[in-house]
Amino acid sequence: MPFSADFLEKLILLALSAFAIPFVLKFWEQQRAVREKDRDAARLRQDKLIQAQTEFLDQLTQQLWRWRYLTMRVTYYGGTDVAARYGTAREAYDNQIWDVLNDIRFEISKSRRLVSVAVHDALRNFYNTIVEIDRDLLSISAEADPTAKKLMYTDMNHKVFSSVSESIDKLVETVAVDLGLSTHQSVP
Amino acid sequence: MAVTLRLPADIARAAGVEELLLEAHSADELARRAAEAHPEIRRYLFDSSGRPRPSMAFYTENRILDPYEQLADGSVVEITFAISGG
């Protein structure tokens with residue numbers, strides 16, 4: 001018995017409602033779930049990156065100032081006549097400087113995957129300044145003339161207190177801006 | 001201008017005098033004249049490049065002098081070296 005066109009149309013509509021539409025809806029739902037999962041994973045990666053950047057900035061700032069105070073103490077007591085305190089400051093410097101340099105260099109190395117190339121270069125340049133100052137301190141400590149030695153420490157104290165401290169602040173701000181962790185848009 | 005330069009104790013010991021009476025128009029010139037008169041204190045006043053030590057300051061009548069400021073005849077200028085803590 002032949003089917004009428006009307007019957008066939010209804011049959012097709014029934015088949016679509018029963019099978020095709022739920023299938024399409026399920027497919028859409030799956031796609032939405034995949035997209036949401038990808039978004040969550042990206043958000044998690046972003047959160048981890050921001051956390052790593054924040055920790056890096058904190059560590060770097062702490063290590064730079066640790067070095068600065070260790071150095072400052074030697075220059076301060078080296079520029080005065082308090083021999084015992086100079087001896088203590090010098091001993092502390094000699095005992096800690098390798099670890100401090102290691103920690104700073106480690107942070108700079110880590111920065112390679114966290115900051116721009118330009119900022120990484122700025123950090124490496126500052127590390128070279130630190131090494132130069134360490135070399136200068138070694139040279140001053142070997143000076144035989146006590147008056148010249150005291151004045152050389154006073155000059156170094158002046159340098160560390162003013163220009164070096166300012167450089168650290170600027171460097172930390174540059175890194176923070178680069179990481180998007182500063183309220184400033186650009187470094188002044 | 002005849003100006004009196006008072007030296008810090010360490011440098012005075014090396015120069016063998018506490019004060020120098022020198023002809024100079026500015027504190028910078030005064031330090032250079034002092035180094036000419038007493039070459040043994042040159043390295044205390046100037047660094048290895050010949051520049052005045054960055055921590056060196058000049059005082060007169062309880063105020064810091066600009067190194068190139070015109071000095072008055074009969075001025076008394078004192079050299080000090082600034083040191084900072086913290």
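What follows is a chat about a predicted model with chains A and B.

Colleague: Before I stare at this, what sort of model is it, and how do the numbers and letters work?

Modeller: It's a predicted model, where local features need pLDDT of at least 70, side-chain atom pairs count only at pLDDT 80 or more, and totals for chains, interfaces and linings use all residues. Residues are numbered from 1 along each chain as its sequence is written, while chains are lettered from A and ligands numbered from 1 in the order in which they are written.

Colleague: OK, the sheet in chain B. What's the strand order?

Modeller: E2-E1-E5-E3-E4, an open sheet of 5 strands with mixed pairing. Strands here are DSSP runs (E, at least two residues) and helices are too (H or I, at least four), numbered from the N terminus. Two strands pair if DSSP finds at least two bridges between them.

Colleague: And which strands stand at the edges?

Modeller: E2 and E4 (63-64) of chain B; each has a single partner strand, so one side of each has no neighbour in the sheet.

Colleague: Which way do the neighbours of E5(B) run, parallel or antiparallel?

Modeller: One of each. E1(B) runs parallel to E5(B), joined by 3 bridges, and E3(B) pairs with E5(B) in the antiparallel sense over 4 bridges. On the E1 side, B:Thr4 has B:Val76 as its bridge partner and B:Leu5 stands opposite B:Val77. On the E3 side, B:Ala57 is opposite B:Thr80, and B:Phe58 has B:Ile79 as its partner.

Colleague: Which E5(B) side chains are buried?

Modeller: B:Val77, B:Ile79 and B:Phe81, which point to one face. B:Val76, B:Glu78 and B:Thr80 point to the other face and are not buried. Buried means 20 or more other C-beta atoms within 10 Å of the residue's own, exposed means 12 or fewer, and partly exposed is in between, with C-beta atoms placed from the backbone. That alternation is what a regular strand does between the two faces of a sheet.

Colleague: Switching to helices. Where does H2(B) sit?

Modeller: Across E1, E2, E3 and E5 of chain B, at about 110° to E2(B). That angle is between N-to-C directions, on a scale from 0 to 180 degrees, with axes as lines fitted to C-alpha atoms, for helices over the stretch in contact. Contact means C-beta atoms, placed from the backbone, within 7 Å.

Colleague: Which of its residues are buried?

Modeller: B:Ala27, B:Leu30, B:Ala31 and B:Ala34. Looking down the axis of H2(B), the buried residues fall within an arc of 100°, so they line one face of the helix. The arc is taken from the directions from the helix axis to the C-beta atoms. Their cover includes E1, E2 (19-23), H3, E3 and E5 of chain B.

Colleague: So which residues touch the most others in the largest nonpolar core?

Modeller: B:Leu5, B:Ala27, B:Leu30 and B:Val77, in a core of 31 residues. A nonpolar core is a set of buried Ala, Val, Leu, Ile, Met, Phe, Trp, Tyr and Cys residues joined through C-beta atoms within 7 Å. Elements supplying at least two residues each include H1 (5-78) and H4 (146-179) of chain A and E1 (2-6) and H2 (27-37) of chain B. H4(A) gives the largest share, 7 residues.

Colleague: What does B:Leu5 touch?

Modeller: Leaving out residues up to four places away in sequence, B:Leu5 touches B:Glu19, B:Leu20, B:Leu22, B:Leu30, B:Ala34, B:Val77 and B:Ile79.

Colleague: How many residues does each chain put into the A–B contact?

Modeller: Chain B gives 14 and chain A gives 13. On the chain B side, H1(B) gives the most, with 3 residues. By class, that side has 7 nonpolar, 3 polar and 4 charged residues. Ala, Val, Leu, Ile, Met, Phe, Trp, Tyr, Cys and Pro count as nonpolar, Asp, Glu, Lys and Arg as charged, and the others, Gly among them, as polar.

Colleague: Last one: what's in the turn between E3(B) and E4(B)?

Modeller: Those strands form a hairpin with 2 residues between them, pairing in the antiparallel sense over 2 bridges. B:Thr60 stands opposite B:Arg63. In the loop, B:Glu61 has a positive phi of about 45° without being a glycine, and B:Asn62 has one of about 60°, also not a glycine.

Colleague: Are those two buried or exposed?

Modeller: B:Glu61 counts as exposed, with 10 C-beta neighbours inside 10 Å. B:Asn62 is exposed too, with 6 other C-beta atoms within 10 Å.

Definitions and conventions
Contact = placed C-beta atoms within 7 Å.
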